[in-house]
Amino acid sequence: MNEPNTIKKGMDVELEIESLAFGGMGVSRINEKVTFVKNAIPGQTVIARITKKRSSYLEARSLEVLNESPHFVPVKCEHFADCGGCTFQNLEYEQQVSAKELQVKDVFRRIGGFKDVNCDSIVKCDEIFHYRNKMEFTFSNQEYVPESEKDREPSNFALGLHAPGRWDKILNINECHIQSIIANEILQTIKALAKGIEPYNIREHRGFLRNVIIRVAANTNEIMVNIVTSRDDPHLLSPISEAIINQFPNITSIVNNITSRKAGVSTGEHQIVLHGNEYIVEKLGDYEFMISADSFFQTNTLQAEKLYNIILEESELTGSEIVYDLFCGTGSISLYLSKHAKMVYGFELVTSAVQDAMQNAIHNKVKNAWFFGGNLENLFRENTEAKELELPDVIVVDPPRAGLHAKTIEDILEKSPKRIVYVSCNPASQARDVALLCNEKYELVKLRPVDMFPHTPHVENVITLIRK
Ligand SMILES: C[S@@+](CC[C@H](N)C(=O)[O-])C[C@H]1O[C@@H](n2cnc3c(N)ncnc32)[C@H](O)[C@@H]1O
């Protein structure tokens with residue numbers, strides 16, 4: 001028996017993993033003290049090294065599995081041990097989703113302070129591999145050498161993903177099982193063609209090739225390749241561009257985003273179209289969406305249709321409502337709801353996404369949707385047109401992971417819609433925001449979690465609030 005008082009950082013201990021915590025670590029206990037264990041799944045007995053000791057909890061990292069979990073499944077991915085992306089790939093899918101459902105309820109209890117929450121069963125994915133329609137890879141002159149090959153020298157050319165916790169080192173990716181097969185083929189082709197061209201060195205801010213972002217539209221099969229570089233040099237890129245167009249005829253857009261910014265960002269200061277359009281077209285339900293390189297679009301297309309149907313159900317539209325879609329991206333939720341509402345207004349920060357949203361409304365012949373560009377922290381305070389709009393019956397919000405700014409919560413309360421449908425990829429910030437809204441004049445009706453990203457700790461959650 002390990003006594004918590006005698007436990008020290010660096011010690012190796014034997015632990016039984018009981019469950020999965022929000023964020024993806026296994027949960028064990030040393031006597032009564034909660035211990036979060038990295039790289040461990042429920043049902044395993046592991047030898048783990050203590051990495052952190054705090055008054056209320058411990059953290060550890062699994063070093064060796066003594067007894068395998070009855071829910072263990074063999075992993076498909078050769079990069080599983082090093083990548084850190086699909087940390088649950090070795091856990092049966094049924095167990096993954098039931099853990100996520102429990103986590104959502106738990107977060108609403110702990111962070112939101114909601115004692116009893118009405119939560120639907122989590123919506124599962126039909127396709128648990130090859131579901132991501134967009135992946136971003138990074139070029140580097142500093143390869144991260146996998147654990148199993150640690151005696152070899154790192155290569156000075158890598159194209160792949162950041163190693164966990166490493167902003168400067170890149171794990172070469174040969175195949176990623178959550179993106180499509182064709183995206184993997186394009187990635188390997190680009191890697192082979194780009195060898196010999198100087199990758200960007202993020203420490204010294206030298207070099208040319210920074211990122212490659214591959215987007216494959218699941219319902220139309222159109223493909224966009226976005227190559228991010230540190231400067232404009234068409235002579236270096238045209239052989240890559242010509243070769244991939246010949247090999248992959250579904251590539252309908254190749255763009256080159258150029259950025260001299262020092263941080264590891266993949267949005268460009270300006271963009272050159274090397275081939276085809278500056279956008280690709282994807283279909284969701286009855287609607288077609290033009291998506292340009294910098295615009296947000298749901299990364300799991302098939303599951304996004306299920307998510308949007310839930311948003312539609314929860315909005316309870318009859319055709320006479322005014323709907324605000326806050327954080328609307330390319331307007332996909334707005335257009336999806338438009339057929340069932342009197343008017344939908346979308347609000348979004350990224351200018352290219354607002355332009356896409358406008359274009360998408362025209363392209364889909366939707367006349368009852370309009371979009372506003374600007375920062376939602378100030379938009380309803382500074383933009384006179386937005387300030388004076390007719391008040392909403394329903395507000396849909398789908399913010400980034402950080403959740404809602406206090407000013408946005410104030411603005412929502414002031415607009416006082418009958419219903420709020422809050423979509424979030426981070427139930428923790430969602431629970432915090434929902435508690436604030438419920439302290440004022442709303443009541444939480446229900447939670448509807450959706451698994452958009454199998455094998456990863458991420459979970460999407462839709463909640464509905466009604467005005468008291
Ligand atoms: C999770 S995405 C939601 C997109 C959209 N609802 C969809 O389903 O495609 C969040 C969006 O919020 C936008 N955004 C982030 N911060 C913002 C802000 N302060 N004001 C307005 N929009 C913002 C992002 O550009 C992004 O498009």
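The following questions and answers examine how terms are applied to a buried residue, a sheet and a helix pair in a predicted model. Residues are numbered from 1 along each chain as its sequence is written, and side-chain values use heavy atoms, with hydrogens and water left out. Because the model is predicted, local features need pLDDT of at least 70 and side-chain atom pairs count only at pLDDT 80 or more, whereas totals for chains, interfaces and linings use all residues.

Q: Why is A48 called buried?
A: The relative accessible area of A48 is 0%. Buried means under 20%, exposed over 50% and partly exposed in between, with a 1.4 Å probe and protein chains only. A48 therefore counts as buried.

Q: Which residues are in contact with A48, leaving aside its neighbours within four places in sequence?
A: They are M11, D12, V13, L15, V37, A60, R61, S62 and L63, where contact means heavy atoms within 4.5 Å. A48 itself belongs to strand β5 (residues 45-53); strands (E, at least two residues) and helices (H or I, at least four) are DSSP runs, numbered from the N terminus.

Q: What makes β5 and β6 a pair?
A: Two strands pair if DSSP finds at least two bridges between them. β5 and β6 have eight, in the antiparallel sense, so they meet the definition of a pair. I47 stands opposite E64 in β6, and a hairpin of three residues joins the two strands.

Q: What makes β1 an edge strand?
A: The open sheet has six strands in the order β1-β5-β6-β4-β3-β2, with mixed pairing. β1 (12-16) pairs on one side only, as does β2 (19-20). The partner of β1 is β5, antiparallel over five bridges, with E16 opposite T45. By contrast, β4 (residues 33-38) and β6 (residues 57-67) run parallel, joined by five bridges; T35 has L58 as its bridge partner.

Q: Why are α3 and α4 called roughly antiparallel?
A: The axes of α3 (residues 181-194) and α4 (residues 234-247) cross at roughly 150 degrees and come within 10 Å. Axes are lines fitted to C-alpha atoms, for helices over the stretch in contact, and angles run from 0 to 180 degrees between N-to-C directions. Angles under 35 degrees count as roughly parallel, over 145 as roughly antiparallel, 65 to 115 as roughly perpendicular and the rest as oblique. α3 and α4 are therefore roughly antiparallel.

Q: Which residues make the contact between α3 and α4?
A: T189, I190, L193 and A194 of α3 meet I240, A243, I244 and Q247 of α4.
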